[in-house]
Amino acid sequence: MDKRKFIKQLTKGSLALASSSWLLEACSSSSQSDQSSSSSGMDQKLWSWARPNKNWTLDDWKRKLAQAKESGIDAILLEVYNGKNAFFDTDRLDVKEDLLGQIVPICKELGLEFHAWMWTMLCPNPKIVKQHPDWYAVNGLGQPATTHPAYVEYYKFLDAYHPEVQEYVRQNVNSLAQISEIDGVHLDYVRLPDVIIAEALQPKYNIVQDREYPEYDYSYSEICRKLFKEKTGIDPLTDLEDPSANEEWRQFRYDGITNLVNGKLAPEAKKFDKMITAAVFPNWESVRQEWHTWDLDAFLPMLYHNFYNRGLDFIKEHTEAAISRMKVKKPIYSGVYLPSLTPDQLVEANNMAIAGGAQGMSTFAFNGLTDEYMAALKKIKQHKI
């Protein structure tokens, strides 16, 4: 973001905010909330994933963010790159609007952390598909994600072993990390397609996945096959009767994503002193996402219990499992899915997360936080549970 442009926006935003009664009330209420939280000994952190909303005006954002602060939310993760369009000022990507430039000053004024949420390996951009078809992952039938995406049309995943892909994604992180006013970069879709999708979602696609099927198994790209054959003497596409039974081939896919994160993306964020986090899966094997080995600052596992036909105990179970897998312990903020929860259940979901060892919770999504949910978050933050 251009520094002069940001300062201009910040000054303009500050004047507008200072003259608005909603900010004065929010600051007063949030101060009381902070004091109450401090006195109760609670130090858990509350996050919320937020998406651009074409129906919201800037005043709507101001009001909702002020309510969020009052309710005890500490950090906003705004989706600023969705694999096709950017919502921040950059000359590298197709910019829809500079929503980041509008929201950051509001968050700064309110004392909310701002984390730039970006899609990582999922890239349905028609320009990239046309210009760089070799960048994309290939399934176990030899079909590229560009023409045979799994499940839905936009499931066009890049190949982590392709050097040009590594550079493209690194530059995406760089373009966000160098924005001095943000607090962190948040990685999403930093994985391969689901070789086995969550149980409750399978009927939606009229499929039964009782094992790993080749049409959902990635990536068998030329570069992956070449590198794996150099390492093992095996071509995974032609030499393995059952690729799912070959642990070396499975680990090779894990390592492709891990090496990208640890070797390219995390260092890029840290170069600019930015926090780097990721939204990750509880069923990490199924998306080739060995995230407990990543050198990030924190993790936000998406523990959407209803996707797996489970109760709220799923949150505690998989928070504990995540912590037990990590050799180097990092904070876990358990992600919950608002549409599957009542406000009272949101409180219980947080209890499960904390009982499992989480240092807080993240809600998907901010846009769905009604007054009732906000009240529940306030109870959580004030330890009135």
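What follows is a chat about the fold, core, hollows and backbone oddities of a predicted model.

Trainee: Before I dig in, what kind of model is this?

Mentor: The model is predicted, with local features needing pLDDT of at least 70 and side-chain atom pairs counting only at pLDDT 80 or more, while totals for chains, interfaces and linings use all residues. Residues are numbered from 1 along each chain as its sequence is written, and side-chain values use heavy atoms, with hydrogens and water left out.

Trainee: Cool. How many helices and strands in the protein?

Mentor: The protein has 11 helices and eight strands. They are DSSP runs numbered from the N terminus: helices are H or I with at least four residues, strands are E with at least two.

Trainee: And what share of the residues is buried?

Mentor: 56% of the 385 residues. Buried is under 20% relative accessible area, exposed is over 50%, and partly exposed is in between, using a 1.4 Å probe and protein chains only.

Trainee: Which residues touch the most other members of the largest nonpolar core?

Mentor: Leu-65, Leu-100, Phe-114 and Trp-294, out of 116 residues in that core. A nonpolar core here is a set of buried Ala, Val, Leu, Ile, Met, Phe, Trp, Tyr and Cys residues joined through side-chain atoms within 4.5 Å. There's also a second, separate core of eight residues, including Cys-224 and Trp-249.

Trainee: What is Leu-65 in contact with?

Mentor: Skipping neighbours within four places in sequence, Leu-65 is in contact (heavy atoms within 4.5 Å) with Ile-76, Ile-103, Ile-106, Cys-107, Leu-110, Leu-112 and Phe-366. Cys-107 counts as buried because its relative accessibility is 0%.

Trainee: Speaking of cysteines, how many disulfides?

Mentor: Zero disulfides in the structure, taking a disulfide as a pair of cysteine sulfur atoms within 2.5 Å.

Trainee: Switching to hollows: how much space lies in the largest pocket?

Mentor: About 710 Å³. A volume is the space filled by probe spheres set on grid points, which are joined across faces, edges and corners. On a 1 Å grid over the protein atoms alone, a pocket is an open set with protein on both sides within 12 Å along at least five of seven lines, a cavity is a set of points where a 1.4 Å probe fits but cannot get out, and lining residues have an atom within 4 Å of a point.

Trainee: Which lining residues are closest to the pocket's centre?

Mentor: Of the 29 residues in the lining, Tyr-154, Tyr-189, Leu-201, Tyr-304 and Phe-307 are the closest.

Trainee: What about the cavity, how much space is there?

Mentor: About 50 Å³ lies in the largest cavity. Its lining includes Ser-219, Cys-224 and Arg-253, and helix H8 (residues 247-271) gives the most to that lining, with three residues.

Trainee: Where is Ser-219, and which residue does a cis peptide bond join to Ser-219?

Mentor: Ser-219 lies in the loop between strand E4 (184-188) and helix H7 (222-232). The cis bond joins Tyr-218 and Ser-219, with omega about 0°. Another cis bond runs from Phe-364 to Ala-365, with omega near 5°.

Trainee: Is Tyr-189 buried or exposed?

Mentor: Tyr-189 is buried because its relative accessible area is 13%. Tyr-189 also has a positive phi of about 50°, although it is not a glycine.

Trainee: And Asp-273, buried or exposed?

Mentor: Asp-273 counts as exposed, at 71% relative accessibility. Its phi is positive too, near 60°. For background, most residues other than glycine have a negative phi, and most peptide bonds are trans.
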